[in-house]
Amino acid sequence: MSDVFMNTYHRLPVTFASGGGCYLFDVNGKRYLDFSSGIAVNCLGHRHPALLAALDAQAKKLFHVSNYYQCDTAEAFARKLTAAARMKKVFLCNSGAEANECACKIARKYSLVKYGEGRHTIVTLKGSFHGRTITTLSATGQDRLHKDFGPFTAGFRFIEGGNIEELKTTLDSSVCALFMEAVQGESGVIPQSAEFIAAAAEICAKKDILLMFDEIQCGLGRTGNFFAFEHYGVKADVVTLAKGLAGGLPVGAALAGEKTCDVLGVGDHGSTFGANPLAAACGTAVLDVVDNAAFLSGIAEKGAYFKQKLEALKPKITAVRGRGLILAADLNVDAWPVLEKLLDNGLLALTAGGPRTLRFLPPYIISNDQIDEGLDILNSVLKS
Ligand SMILES: Cc1ncc(COP(=O)(O)O)c(C=O)c1O
C-alpha cells in the first residue's frame with residue numbers, strides 16, 4: 001500500500017501501465033479485460049483514436065484559457081452537448097459533484113427569485129449518490145457516507161424511491177426541486193419504477209418543483225438512450241453529466257432547460273478549469289461517437305446480450321439488474337473476494353450497494369465476443 005496517498009480507497013494490488021480498446025495492461029504486461037471503464041469514465045475504451053486525435057490537435061493549440069474569454073473549442077462542445085441533451089444551456093465544470101452543486105444552486109435561486117424565502121428544500125432518494133463535497137454528500141441518501149462529516153448543508157430531505165404516497169406528501173410548499181438518478185449506480189444499479197417517475201413528473205409540473213436528474217453514471221448513452229430518464233418519457237428541468245463525457249478527461253456539466261437556463265447570472269457561479277479546451281475537445285469527440293441512434297441502439301443490444309448471459313449464470317448469480325451497459329449481479333457469496341479472483345484472472349469489475357453485488361460498466365465499444373470472454377472468466381471464478 002502506498003504511504004503517500006491518504007488512505008481513502010481500497011486499492012487492488014495491480015498497477016496499470018497502458019491501455020487499448022477494452023483492455024488494460026499492467027506493469028508486467030498482463031492483460032485485463034475492462035468491465036469497469038474507470039467507473040463509467042472510459043466510455044469509448046482506452047486510447048480511442050478519435051479521442052487521441054482530438055486531444056493531440058487541441059494540445060498543439062491551447063491548453064487553458066480563462067472563462068473571461070471566448071473559446072471556440074468550448075463553445076463547439078457546449079453547442080453539441082446541449083443539442084444532444086435537448087437542453088437550452090450548460091454550465092461546464094470538472095466533476096460530477098461540481099455539476100450537482102450547480103444543479104442545487106439553480107434550484108435554490110429559481111425558487112427564491114420566483115417564490116421568495118422558505119421554498120429551498122431539495123428532495124432526493126434514499127440510496128442515492130450525488131457526490132462527496134459537503135453539499136452533494138448532504139444530498140446523498142446514504143447514512144453510512146454521512147458518518148463523521150456533519151454538520152451538513154441544510155435543506156435536503158430523503159424519500160424512498162418507488163413510494164408514491166411519500167412522494168406526494170413530501171413534495172410540499174417548502175420544496176424547490178426533486179433530484180434523482182433514474183438508475184441508482186452506486187447503490188447497486190437500482191432503476192426507478194415507471195409509475196414513480198411518472199408521478200414525480202406530474203407533481204413537479206403541477207407545483208412548479210424542478211425535476212432534476214443526476215445522469216452522471218447512468219446517462220450519456222449507457223442505458224441505450226442518451227439519458228436514462230428518457231426511457232420514462234419525461235423531461236428534465238436540470239440534468240447533470242460527468243464521468244464519461246470527455247472519455248477520461250475531467251469534465252462535468254449541469255444542463256438547464258427552458259425554465260432554468262437563465263437562472264444563474266454573472267458572478268453567480270464559476271469554475272477556473274470549467275470548459276477547459278482539452279476536456280472540451282475530447283467531449284466533442286465523445287459526442288460525435290455517442291450521439292448517434294445506431295450507436296445507442298448498439299449499446300442497448302449489447303446490454304441485452306450481456307444481461308441474458310448473466311441470467312444464464314443463475315443460481316450462482318441470484319438476481320440481475322440494469323439496462324444497457326450498466327448492470328449488476330447479486331451473488332450468493334461475498335462480492336469482494338470474487339472481484340479479487342476476477343482480477344487474478346484478468347477481468348476488471350466493480351462492486352456496488354450491498355456486500356454481495358457485482359457491477360459491470362464496460363466500455364460502449366465492447367463486442368459480444370468480449371462479453372463472452374469476460375463472462376467465461378466470471379463463470380469459472382464463481383464455480384471455483
Ligand atoms: C450518480 C453520481 N452522481 C455523482 C457522482 C460524483 O461524481 P464525481 O466523483 O465526479 O464528483 C457520482 C460518482 O460516482 C455518481 O455516480
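Tutor: Two strands pair if DSSP finds at least two bridges between them. β14 and β17 are joined by four bridges, so the count meets that minimum and they pair. The two strands run antiparallel.

Student: Before we go on, what kind of model is this, and how are its residues numbered?

Tutor: It is a predicted model, in which local features need pLDDT of at least 70 and side-chain atom pairs count only at pLDDT 80 or more, while totals for chains, interfaces and linings use all residues. Residues are numbered from 1 along each chain as its sequence is written.

Student: What makes β13 and β14 a pair?

Tutor: Six bridges link β13 to β14, which covers residues 326-331. Six satisfies the minimum, so the two strands pair; they run antiparallel. Two places where you can see this are Gly322, which stands opposite Leu327 in β14, and Ile317, whose bridge partner in β14 is Leu331. The two strands form a hairpin with two residues between them, and Gly324 in the turn has a positive phi of about 60°.

Student: And which residue of β17 is the bridge partner of Ala329?

Tutor: Leu358 takes that role in β17. Put together, the order β13-β14-β17-β16 gives an open sheet of four strands with antiparallel pairing.

Student: Why are β13 and β16 said to stand at the edges?

Tutor: β13 (317-323) and β16 (350-351) each have a single partner strand, so one side of each has no neighbour in the sheet. These names follow DSSP: helices are H or I runs of at least four residues, strands are E runs of at least two, numbered from the N terminus.

Student: Which helices go with that sheet?

Tutor: Helix α10 (residues 293-311) lies across β13, β14 and β17 (357-360), at about 170° to β13. Helix α11 (residues 335-344) packs on the sheet and touches β14, β16 and β17, making about 45° with the direction of β17. The angles run from 0 to 180 degrees between N-to-C directions, and axes are lines fitted to C-alpha atoms, for helices over the stretch in contact.

Student: Why is α11 called oblique to α12?

Tutor: The axes of α11 and helix α12 (residues 368-383) come within 10 Å and cross at roughly 125°. Under 35 degrees counts as roughly parallel, over 145 as roughly antiparallel and 65 to 115 as roughly perpendicular, with the rest oblique; that crossing therefore makes α11 oblique to α12.

Student: How do you know that α11 and α12 touch?

Tutor: Residues are in contact if their C-beta atoms, placed from the backbone, lie within 7 Å. Val338, Lys341 and Leu342 of α11 make the contact with Ile377, Leu378, Val381 and Leu382 of α12. These residues divide into six nonpolar, no polar and one charged. Asp, Glu, Lys and Arg count as charged, so Lys341 is the charged one. Nonpolar means Ala, Val, Leu, Ile, Met, Phe, Trp, Tyr, Cys or Pro, and the others, Gly among them, are polar.

Student: At what angle do α3 and α9 pack?

Tutor: Helix α3 (residues 72-85) and helix α9 (residues 277-290) pack at about 35°, with axes 8 Å apart. Their contact has nine nonpolar, three polar and one charged residues.

Student: What makes β4 and β6 edge strands in the other sheet?

Tutor: Seven strands form that open sheet, in the order β4-β12-β11-β10-β7-β5-β6 with mixed pairing. β4 (89-93) and β6 (156-159) each pair on one side only. The twist averages 20° from one strand to the next. Further in, β7 (residues 175-180) and β10 (residues 210-214) run parallel and share four bridges, and Met180 stands opposite Phe213 in β10. Helix α8 (residues 194-207) touches β7 and β10, at about 140° to β10.

Student: What surrounds the ligand?

Tutor: There are 15 residues around the ligand, the closest being Ser95, Gly96, Ala97, Ile216 and Gln217; a residue is near if its C-beta atom, placed from the backbone, lies within 6 Å. Helix α4 (residues 96-115) gives the largest share of the shell, three residues. By class, the shell has five nonpolar, seven polar and three charged residues.

Technical notes
Two residues are in contact if their C-beta atoms, placed from the backbone, lie within 7 Å.
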